[in-house]
Amino acid sequence: MAAPQAWREWADRDAIARVLIDYCDALDRMELERIAALFTPDAVVAYGPAEHLCTTGGGEAVAAALARLWRFTRTSHHLSNIAIDFDGPDRADARSYVIAWHERPDGSTATLYGQYADRLVRSGGRWLIASRTQFMNGSDEGFKVALHPLSRRPAPPGWTAPEGIETKR
Amino acid sequence: MAAPQAWREWADRDAIARVLIDYCDALDRMELERIAALFTPDAVVAYGPAEHLCTTGGGEAVAAALARLWRFTRTSHHLSNIAIDFDGPDRADARSYVIAWHERPDGSTATLYGQYADRLVRSGGRWLIASRTQFMNGSDEGFKVALHPLSRRPAPPGWTAPEGIETKR
Amino acid sequence: MAAPQAWREWADRDAIARVLIDYCDALDRMELERIAALFTPDAVVAYGPAEHLCTTGGGEAVAAALARLWRFTRTSHHLSNIAIDFDGPDRADARSYVIAWHERPDGSTATLYGQYADRLVRSGGRWLIASRTQFMNGSDEGFKVALHPLSRRPAPPGWTAPEGIETKR
């Protein structure tokens, strides 16, 4: 890796990770104007395949849609497994994992184990999310929103589980 | 960003993240002398607003207070969303998220979804925590310690939840 | 830290973290050939002390063994707390934390709060896992595999829990 390119990419990786982290913090605080500022003006977001889970109007529309999280009393979005790939000096794809915990006014909870697939672009010197698609690896029973399921390869025909793996401690 | 400053900050970000990570590992192993070494001699820590959740005596006092985690049989502290801001070559603020899982002798568990707000200083060539405040985004029912609640903006007056978001998969 | 060494290590830290992250993503998608490519040909993996939880045949054997995760319908491996130490230009130890969520066909779940202790080597310009040992900080009741328990120091003789810590919010 040539030094100047590496130099730029390290700063960019930090900056992109920070955008993803700020999204979580702003969402858990419901500071929606901070959410709006993290997306491009034409950003497209699809939390799931249903129309009411998609927005096409950029950061303002994303922030307006996320007002729906006020149906919860508390939330916590734990981001990890951040993987960033550049395809040019000003464009990158980022994948990350999230554990998203939500609590309702009745005390019931909904927990998502999911992923974000993001497209980021540098605009005016800042990295912004141009598109975001959310996937669901899994969830607890309390989570009821129909997100995109993560693609998982099925077992080959005839596969049977080995015995003796799950032995009580 | 000027190169020399960036150079220093990358090394410093790694070093600061490592301090926060080592705290978790040392705590889950109850190697309390490792905890003590991560704080300044005058460090102040407030896990919650109550007096018995605050310590003002530096790393030794923090380590002594955390002996209370022996009431659990096992713990696991998963740190993520690390965001670091410098305000000088030797001073930084760090925010991070933690999922803190605890198990009691009776098998019951307590899980916290929280944040750490840390002040770090470079001292003798090493980054140390000078102050730490813990916040609670949320928790399961088993978690009973009164931490600082995370500030969350309430819904505007008259806001009503949209219908049809939580549709069964 | 001398600049050239730091330069190399930053690129290497990113590359090593990416190997650990790719393992999680490949596992959750059950793209086992991607798993195989992350390990050396002589890699040794011990998820637990029992013989059936150990493999010694390199990446292909690891991938073959992990076919057992098809007994679950969905999984999600959330990696955090990544700490990397180099002991030479081409060798490193990595510790990381994982929350591993698994769902069975009957809807029951198993959640592990654990750690990976990995040995990585640079081979042919790529970082590969040469050995992996998994440890269990804890788990929920549904998790039944006997992993290595994390070492945790016991309370000193005569220690008693302080009163008043767990006060209802």
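Let's start inside chain C, where L79(C) sits in strand β3, spanning residues 74-86. Keep in mind that this is a predicted model. From that residue we can move outwards to the contact between chain B and chain C, which takes 41 residues from chain B and 39 residues from chain C.

**Around L79(C)**

- Is L79(C) buried or exposed? L79(C) has a relative accessibility of 3%, so it counts as buried, the cut-off being under 20%.
- Within its own chain, L79(C) touches L20(C), I21(C), C24(C), S96(C), Y97(C), V98(C) and Y116(C), leaving aside residues up to four places away in sequence.
- The neighbours of L79(C) also include two residues of another chain, S80(A) and N81(A).
- I21(C) is 58 residues from L79(C) in sequence, yet their C-alpha atoms are 6.9 Å apart in space.

**How chains B and C are related**

- A turn of 120° with a shift of 0.0 Å along the axis lays chain B on chain C, with an RMSD of 0.0 Å.
- The two copies are therefore related as by a three-fold rotation axis.
- Which C-alpha of chain B is nearest the axis? That of S80(B) is, at 3.5 Å from it.
- The two chains meet through different surfaces, as 17% of the contact residues of chain B recur in chain C.

**Area of the B–C interface**

- Together, chain B and chain C bury about 3500 Å² between them, and 53% of this lies on carbon and sulfur atoms.
- Three residues stand out on the chain B side: W7(B), R29(B) and W70(B) supply 21% of the area that chain B buries against chain C, more than any other three residues.

**Polar links across the interface**

- The rule finds three salt bridges between chain B and chain C.
- One of these pairs R18(B) with D85(C), whose closest N and O atoms are 2.8 Å apart.
- Polar contacts join 15 residue pairs across the interface, counting pairs with both residues at pLDDT 80 or more.

**What chain B brings to chain C**

- Five elements of chain B each supply at least two residues of the side that touches chain C: helices α1 (3-29) and α2 (32-36), and strands β3 (74-86), β4 (91-103) and β6 (126-139).
- Which element of chain B gives the most to that side? It is α1(B), with ten residues.
- By residue class, the side of chain B that touches chain C divides into 18 nonpolar, seven polar and 16 charged residues.

Notes: Residues are numbered from 1 along each chain as its sequence is written. Chains are lettered from A and ligands numbered from 1 in the order in which they are written. This is a predicted model: local features need pLDDT of at least 70, side-chain atom pairs count only at pLDDT 80 or more; totals for chains, interfaces and linings use all residues. Side-chain values use heavy atoms; hydrogens and water are left out. Copies are superposed by least squares on the C-alpha atoms of residues with pLDDT of at least 70 in both. Contact means heavy atoms within 4.5 Å. Buried area is the accessible area (1.4 Å probe) that two parts lose on being put together, summed over both. A salt bridge is a side-chain nitrogen of Lys or Arg within 4 Å of a carboxyl oxygen of Asp or Glu. A polar contact is a pair of N or O atoms within 3.5 Å; within protein, one must be able to donate a hydrogen and the other to accept it, and residues adjacent in sequence count only if both atoms are side-chain atoms. Helices (H or I, at least four residues) and strands (E, at least two) are DSSP runs, numbered from the N terminus. Ala, Val, Leu, Ile, Met, Phe, Trp, Tyr, Cys and Pro count as nonpolar, Asp, Glu, Lys and Arg as charged, and the others, Gly among them, as polar. Buried means under 20% relative accessible area, exposed over 50%, partly exposed in between (1.4 Å probe, protein chains only).
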